[in-house]
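Here is a short briefing on one protein chain. Keep the sequence and the model side by side while reading.

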Amino acid sequence: MSFAALNALTARTILLSGEEEALRRRALADILAISTQDGDFDLQTFEADETSPMEWIASAGTAPFLSE
């Protein structure tokens, strides 16, 4: 299955799922390569099995300080 990172960036929320970890990680790397700048300190990632949903919600509810 093909993946178009530019199409994914038009959505407010992106869910990467599937059986093949390598394909999920490649898709994430493609999205990050297009959407981030050097030194982008507003980027935060979570591994689903390492953090709780409450941590995700708390992070999403925090305003991005010192950003444009």
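Arg 25 is partly exposed, because its relative accessible area of 46% falls between the 20% and 50% limits. The model is predicted. Arg 25 pairs with Glu 21 in a salt bridge, and the structure holds one such bridge. The protein chain has three helices and zero strands.

**The salt bridge in H2**
- The closest N and O atoms of Arg 25 and Glu 21 are 2.7 Å apart.
- Both residues lie in helix H2. They are four residues apart, about one turn of the helix.
- Glu 21 is partly exposed as well, because its relative accessible area is 41% and the class runs from 20% to 50%.

**Fold and confidence**
- Read from the N terminus, the elements run α-α-α.
- Helix H1 spans 5-8 and helix H2 spans 21-35. Helix H3 covers 53-60.
- Mean pLDDT for the protein chain is 79. Residues that reach 70 or more make up 81% of the chain.
- H2 has the highest confidence, at a mean of 88. H1 has the lowest, at 81.
- Where pLDDT is low, the predicted coordinates should not be read in detail.

**Burial and surface**
- The protein chain has 68 residues, and 7% of them are buried.
- About 6,200 Å² of the protein chain is exposed. Carbon and sulfur atoms supply 54% of that area.
- Take the contacts between residues at least 6 apart in sequence: 36% of them join residues at least 24 apart.

**The nonpolar patch**
- Which residues make the nonpolar surface patch? They are Leu 6, Leu 9, Ile 14 and Ile 34.
- The patch measures about 330 Å².
- Ile 14 sits in the loop between H1 and H2.
- Ile 14 has a relative accessible area of 35%, so this residue counts as partly exposed. That value is over 30%, so Ile 14 passes the accessibility cut-off for a patch residue.

**The loop between H2 and H3**
- Leu 43 is placed in this loop.
- Is Leu 43 buried or exposed? Neither class fits: Leu 43 is partly exposed, because its relative accessible area is 42%.
- Leu 43 and Leu 32 are eleven residues apart along the chain. Their C-alpha atoms are separated by 9.2 Å.
- Thr 51 is in the loop between H2 and H3 too.
- The side chain of Thr 51 makes a polar contact with the side chain of Trp 56, at 2.7 Å.
- Which residues does Thr 51 contact, leaving aside its neighbours within four places in sequence? Phe 46 and Trp 56 are the partners.

**Ala 60 in H3**
- Ala 60 lies in helix H3.
- Ala 60 is exposed, because its relative accessible area of 68% is over the 50% limit.
- Ala 60 and Gln 44 are 16 residues apart in sequence. From C-alpha to C-alpha, Ala 60 and Gln 44 are 9.6 Å apart in space.

Methods
Residues numbered from 1 in each chain as written. Predicted model: local features only at pLDDT ≥ 70, side-chain atom pairs only at ≥ 80, totals over all residues. Heavy atoms only, no water. Patch = residues over 30% accessible without salt bridge, like charges linked within 9 Å, V, L, I, M, F, W, Y side chains within 5 Å. Areas by Shrake-Rupley, 256 points an atom, 1.4 Å probe, with all protein chains shown as cover. Salt bridge = Lys/Arg side-chain N within 4 Å of Asp/Glu carboxyl O. Helix = DSSP H or I, 4+ residues; strand = E, 2+ residues; numbered from the N terminus. Buried < 20%, exposed > 50% of the residue type's maximum accessible area, 1.4 Å probe, protein only. Polar contact = N/O pair within 3.5 Å; in protein donor to acceptor, adjacent residues only side chain to side chain. Contact = heavy atoms within 4.5 Å. pLDDT = per-residue confidence, 0-100.
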